[in-house]
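Student: I am new to this structure and would like to look closely at a single part of it. Could you take me through one contact slowly?

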Amino acid sequence: MTQLALVIDLNVCVGCHACVTSCKEWNTSGTAGFMSDYNPYDKDPTGTFFNRVQTFEIGEFPNTQTVHFPKSCLHCEDPPCVPVCPTGASYKREEDGIVLVDYDKCIGCKYCSWACPYGARELDENQKVMKKCTLCVDRIYDETLPEAERKPACVLACPTSARLFGDVNDPDSMVSEQIRDNGGYQLMPEWGTKPANHYLPRRKTNITIHHDELTRVDNPLNKERQLPMPGEDEQTLDDTTSW
Amino acid sequence: MNPAFSVIFLTTLIGVGQGLFLALYTGQLYSVVNVFSPRHSSEFYGYGSLLALAFLSAGLIASFFHLGHPERAWRSASQWKTSWLSREVIVLPAFMGTTFVYAMIQLNGWNPILFTLSDNFIVDLSLLVGAINMLLAFLLFLCTAMIYACIKFLQEWASSLTVINYTLLGMASGFTFCTAFAAYLSSDAIFIYGGWAITLTVFACITRVTSLIRNTKIKYKSNLSTAIGIRHSKIKQIAQGSMGGSFNTREYFHQAKPIIFKSIKWVFLLLVFILPTALLLSALTTNSFALCMLAFITQYLGLLAERWFFFAQANHPQNLYYQTI
Ligand code: SF4
Ligand code: SF4
């Protein structure tokens, strides 16, 4: 069974909010109605977003790390928000595992938003229905778009490729490979929601170089002695030519 | 959570309605086994049920204010297989309908004897309809409370105490109202209802205080570490992704000052349990309608505070992501 999802690499996210703005731009222009904003240029601005980038500081000065943390609906494999919906407006698609809200059925009771531990759902103040990330379901299957663009808007916008998109149930997909190789994990595993979206942790790239690796011990010239090695203090060709 | 007044009124008003019907039916059961026979009994049960219906209707109307699209409310009956909210949406009108039927049976005397179990146990239509309605009343308490108790990560709510409290608090307020109603009609049943009202209030006090104590001891399963998946004991949020508020900052935080939040707990303990018990005790010695009514009004106002506190106290794990602007 297909389960489309995002894999977000916290190691490379720089917190630029490009995914936030491109998500808003794409989804507010869609046929499902705009994502309303109130007081956008005033005191207390507020509005509907599917995706937010938050920032956390880990550790204590001077040993701190700043982690930028994009958060949107995780398209849980066992979504607690779906069975509680009294109208059936919230549903999980069989064919690709995307969790969606039918805006024509939703009565705006907010119960699903209470039942999502991640706060991924937001009630649109204008349309009075529950909204959340759709994984750009109106993009990813659109055959009028070039194949490379059939991806969620946030994925296309990310300048550091911190957002990967694919089928996490296909073991050979790029996203599955990334989760396997780079320690992908899920948020709040304690509630058994099995989020489909995964996060890749911060990773430090360390290499250990031992002293004997600084000079090349397996240099074939060493063995054959066809050419004499210049002594450590002698001039080499590099010193004379690299001006 | 941020308490919504529509839901506070819905849950407290239908609680009174359910409790009132259960009180009336208890009275009828007493008279069936000849413990007492109230004067004008069918008017008492009939008009009492209509009053219960009024409370239920007021609650139903309040609930519509909670919805973004009340005109689509009919759709909410469709998912009864999985959603407690949907089940409540079915059981509430069913209970209201049966209450109305019960009231009509009593007021119009459409009350044929169905069968007799023994010389002094006669089963008539009202007794049967009332029994069905009693089950519906309890089912409605279950549905209403399970809406909250079934969300397992709202750990203050996810407990059988939620169901017990909704049931006992609703019954206590309904029996208190019934005592006032009996006092108004100078019915001799005031002692039975008053006695039950005090008993239920005391039991509700025990279970509600138990849940308050339980809630102080909760160990939250989620923390910032599990929320963002970084194992460290010092994590601090420095931005939540929006400079102003959002749905997430409005819906899940009660916004009350800590001092107000704390004092509301003591206010409701006083108004729901202590004052009504004292008022009812003195009402029973003086047979005073005014005191009974005062007991009910105090208890109902207290229940509004109790329900506010119930919602405000629940700590949603999403709040971990919204610690600072
Ligand atoms: S992240 Fe929240 S809204 Fe999205 S599927 Fe999971 S529970 Fe539902
Ligand atoms: S707000 Fe809409 S989608 Fe959410 S539970 Fe209510 S009807 Fe369902």
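Which residues in helix 4 of chain B meet which residues in helix 5 of chain B?

Tutor: Please keep in mind that this is a predicted model. On the side of helix 4 of chain B, the residues that take part are Phe138(B), Phe141(B), Leu142(B), Thr144(B), Ala145(B), Met146(B), Tyr148(B) and Ala149(B), and they meet Thr162(B), Val163(B), Tyr166(B), Thr167(B), Gly170(B) and Met171(B) in helix 5 of chain B. Sorted by class, the residues of this contact comprise ten nonpolar and four polar ones, with no charged residue among them.

To place these residues along the chain, note that helix 4 of chain B covers residues 125-149, while helix 5 of chain B covers residues 160-184. The axes of helix 4 of chain B and helix 5 of chain B come within 8 Å and cross at roughly 135 degrees. Angles over 145 degrees would count as roughly antiparallel and those from 65 to 115 as roughly perpendicular, so helix 4 of chain B and helix 5 of chain B are described as oblique to each other. As for handedness, the crossing in which helix 4 of chain B passes helix 5 of chain B is right-handed.

For a contrast in the kinds of residues involved, you may turn to chain A, where 13 residues surround ligand 2, with Cys85(A), Cys106(A), Cys109(A), Lys110(A) and Cys112(A) the closest. The shell around ligand 2 has nine nonpolar residues, three polar ones and one charged one, whereas the helix contact in chain B has no charged residue.

Note on methods
Residues numbered from 1 in each chain as written. Chains lettered and ligands numbered in written order. Predicted model: local features only at pLDDT ≥ 70, side-chain atom pairs only at ≥ 80, totals over all residues. Heavy atoms only, no water. Axes fitted to C-alpha atoms, helices over the stretch in contact; angles between N-to-C directions. Helix = DSSP H or I, 4+ residues; strand = E, 2+ residues; numbered from the N terminus. Parallel < 35°, antiparallel > 145°, perpendicular 65-115°, else oblique. Left-handed = near helix turned anticlockwise from the far one by under 90°. Contact = heavy atoms within 4.5 Å. Nonpolar A, V, L, I, M, F, W, Y, C, P; charged D, E, K, R; others polar. Near = heavy atom within 4 Å.
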